[in-house]
Amino acid sequence: MSETNARLSKIVTDSDVVLFMKGTPLFPQCGFSSRAVAILDHCGVAYDSVDVLQDSEIRQGIKAFSDWPTIPQLYVKGEFVGGSDIMMEMYEAGELQQLLNEKQVARAN
Amino acid sequence: MPMPAAEIAALIRAALPEAEVVIEDLAGDGDHYLARVTSPAFAGKSRVQQHKMVYDALGGRMGGELHALQLTTSVPN
């Protein structure tokens with residue numbers, strides 16, 4: 001396993017919920033990342049974020065790691081959930097909230 | 001380089017011949033699109049798998065020349 005993949009494995013298992021995004025939750029740098037942040041905020045869960053714009057190795061590496069071509073990307077308990085379109089579809093169907101509940105993810109403070 | 005909507009639809013239809021493809025140019029700039037793809041080929045597949053089938057159809061353009069493509073996939077009723 002490459003060094004980048006090892007770093008990514010650690011990131012997605014160290015946090016229950018982690019969003020790879022462009023920018024930060026307070027200052028998203030892309031409309032899709034902004035939408036992903038809004039969805040997680042609506043779900044009311046605690047999450048960590050990784051700003052891929054600050055780390056080109058992660059930015060390229062996460063696409064291969066997840067076999068997914070775009071950012072943002074959401075991981076819950078080490079499992080890839082999807083990008084912002086899938087997050088929105090799941091949120092609207094109540095499936096994202098259900099998944100976060102089932103995985104017993106901590107609530108946001 | 002922006003991509004014309006017709007080209008996006010043609011690539012998707014080439015890979016998923018039975019698909020119904022609707023493309024909207026969200027910002028009118030030829031660069032921000034929404035695609036609704038309905039195909040029987042999605043039956044029994046997870047959302048991630050369905051989206052990957054469309055991304056595969058676009059042959060590596062997603063995340064590159066096609067930055068802003070909002071995607072919705074569904075199975076016909």
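User: Happy to start with a detail: in E2(A), which residue is the bridge partner of Val18(A)?

Analyst: Good place to begin, and note that this is a predicted model, in which local features need pLDDT of at least 70, side-chain atom pairs count only at pLDDT 80 or more, and totals for chains, interfaces and linings use all residues. Residues are numbered from 1 along each chain as its sequence is written, while chains are lettered from A and ligands numbered from 1 in the order in which they are written. Strands (E, at least two residues) and helices (H or I, at least four) are DSSP runs numbered from the N terminus. In E2(A), Val18(A) has as its bridge partner Asp48(A).

User: And which residue stands opposite Val18(A) in E3(A)?

Analyst: E1(A) pairs with strand E3 (residues 73–76) of chain A in the antiparallel sense over four bridges; two strands count as paired if DSSP finds at least two bridges between them. In that pairing Phe20(A) stands opposite Gln73(A). Opposite Val18(A) stands Tyr75(A).

User: Do E1(A) and strand E2 of chain A run parallel or antiparallel, and which is it?

Analyst: Strands of a sheet pair through backbone hydrogen bonds, either parallel or antiparallel. Here four bridges join E1(A) to E2 (residues 48–51) of chain A. The two strands run parallel.

User: How many of the five residues of strand E1 of chain A are buried?

Analyst: A residue is buried if 20 or more other C-beta atoms, placed from the backbone, lie within 10 Å of its own (exposed if 12 or fewer, partly exposed in between). In a regular strand the side chains alternate between the two faces of the sheet. In E1(A), both faces are covered, with Val17(A), Leu19(A) and Met21(A) on one side and Val18(A) and Phe20(A) on the other. The strand (residues 17–21) is largely enclosed by the rest of the structure, because the buried count is five of the five.

User: Which strands stand at the edges of the sheet in chain A?

Analyst: Four strands form an open sheet of mixed pairing, in the order E2-E1-E3-E4 (chain A). Two of them have a single partner strand each, so one side of each is left without a neighbour in the sheet. Those edge strands are E2 and E4 (79–82) of chain A.

User: What direction does H2(A) make with that of E1(A)?

Analyst: Helix H2 (residues 31–43) of chain A joins E1(A) and E2(A) in a right-handed β-α-β unit; right-handed here means that, with the strands pointing away from the viewer, the path from the first strand over the helix to the second runs clockwise. H2(A) packs on the sheet, touching E1 and E3 of chain A. Axes are lines fitted to C-alpha atoms, for helices over the stretch in contact (C-beta atoms, placed from the backbone, within 7 Å), and angles run from 0 to 180 degrees between N-to-C directions. The angle with E1(A) is about 160°.

User: Which residue takes a positive phi in the hairpin of E3(A) and E4(A)?

Analyst: E3(A) and E4(A) pair in the antiparallel sense over three bridges. One bridge joins Val76(A) to Glu79(A) in E4(A). The hairpin has two residues between the strands, and the positive phi, near 50°, belongs to Lys77(A).

User: Over in chain B, which element gives the most to the side that touches chain A?

Analyst: Chain B follows the pattern α-β-β-α-β along the sequence. Nine of its residues are in contact with seven residues of chain A. Helix H2 (47–57) and strand E3 (68–74) of chain B each supply at least two residues of that side. With four residues, the element that gives the most is H2(B).

Note on methods
Two residues are in contact if their C-beta atoms, placed from the backbone, lie within 7 Å.
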